[in-house]
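Student: Please take one part of this model and look at it closely with me, explaining each term as it comes up. I would like one connected account rather than a list.

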Amino acid sequence: QVQLVESGGGLVQAGGSLRLSCVVSGLQFDEYAVGWFRQAAGKSREFVAAVSWGGSSKYYGDSVKGRFTVSKDNDKNTAFLQMDNLKPEDSAVYYCAAKESPPFYNDYPYWGRGTQVTVSS
């Protein structure tokens, strides 16, 4: 059974940082890319970032480029999303997801349940 579990969300002031983690089990983690998505209240889900299976290729949504960094540790079956210089508009539920092949900005078969990030102004 494939499981993805996010953690690290919380309340932070604007300009602050958070690091999200996504622990994955039930699949060959080093053969899967991991994507991060977010959904704010009343809005559609948005692509945030993705990292390829080996960790060498990284992709970012326009709204987070230069502020967020995605990575994965295949030895620990864990992916990370480092979020710096957070803004109130970054507030959302953040989800991690896994898939084997590109494109990495959509169409993921496996999803976590999400972690809430709230940025106060």
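**The disulfide and the strands around it**

Tutor: Cys22 and Cys96 form a disulfide, with their sulfur atoms 2.1 Å apart, a disulfide being a pair of cysteine sulfur atoms within 2.5 Å. By this rule the count comes to one disulfide, and it links distant parts of the chain, since Cys22 is in strand β3 (residues 18-25) and Cys96 is in strand β9, 74 residues apart. Before going further, please keep in mind that this is a predicted model, in which local features need pLDDT of at least 70 and side-chain atom pairs count only at pLDDT 80 or more, while totals for chains, interfaces and linings use all residues. Residues are numbered from 1 along each chain as its sequence is written, and side-chain values use heavy atoms, with hydrogens and water left out. The strands named here are DSSP runs (E, at least two residues), numbered from the N terminus.

The torsion about the S-S bond of Cys22 and Cys96 is about 65°, so this disulfide is right-handed. Cys22 is buried, with a relative accessible area of 0%, and Cys96 likewise counts as buried at 0%; here buried means under 20% relative accessible area, exposed means over 50%, and partly exposed lies in between, with a 1.4 Å probe and protein chains only.

From Cys96 we can follow strand β9 (residues 92-99) to its partner β4, to which it is joined by seven bridges, the two strands running antiparallel. Two strands are said to pair if DSSP finds at least two bridges between them. Strand β4 (residues 33-39) is also joined to β5 (residues 46-51), again antiparallel, by five bridges. Val34 shows both partnerships of β4, because its bridge partner in β9 is Ala98, while in β5 it stands opposite Val51. Six of the seven residues of β4 are buried, so the strand is largely enclosed by the rest of the structure. The hairpin of β4 and β5 has six residues between the strands, and there Gly42 takes a positive phi near 75°.

Strand β4 also leads us to a set of charged side chains. Arg38 forms a salt bridge with Asp90, the closest N and O atoms being 2.8 Å apart, where a salt bridge is a side-chain nitrogen of Lys or Arg within 4 Å of a carboxyl oxygen of Asp or Glu. Arg38 lies in β4 and Asp90 in the loop between β8 and β9, so this pair ties together parts that are 52 residues apart in sequence. Both Arg38 and Asp90 are buried, and for Asp90 the relative accessibility is 0%.

Asp90 also meets Arg67 in a salt bridge (2.7 Å, N to O), and this pair, too, links distant parts of the chain, as Arg67 is in the loop between β6 and β7, 23 residues from Asp90. Salt bridges that share partners join Arg38, Glu46, Arg67 and Asp90 into one network. Arg67 itself is buried, with a relative accessible area of 9%. Leaving out residues up to four places away in sequence, Arg67 touches several residues, among them Met83, Asn85 and Leu86, contact meaning heavy atoms within 4.5 Å.

The network can be set beside a salt bridge elsewhere, for a search of the whole structure finds four of them. The side chains of Lys65 and Asp62 meet in a salt bridge at 3.2 Å, N to O. Here Lys65 is exposed, with a relative accessible area of 51%, and Asp62 is exposed as well, at 67%.

A further charged residue, Lys72, lies in strand β7 (residues 68-73). Lys72 is buried yet has no salt bridge, and the nearest side chain of opposite charge, Asp30, is 6.9 Å away. The side chain of Lys72 does, however, reach the backbone oxygen of Trp53 at 2.8 Å and the backbone oxygen of Phe29 at 3.0 Å. Beyond its neighbours within four places in sequence, Lys72 is in contact with residues including Val34 and Val51, and these two bring us back to the pairing of β4 and β5, where Val34 stands opposite Val51.

Key: Helices (H or I, at least four residues) and strands (E, at least two) are DSSP runs, numbered from the N terminus. Lys and Arg count as positive and Asp and Glu as negative; His and the chain ends are not counted. A polar contact is a pair of N or O atoms within 3.5 Å; within protein, one must be able to donate a hydrogen and the other to accept it, and residues adjacent in sequence count only if both atoms are side-chain atoms.
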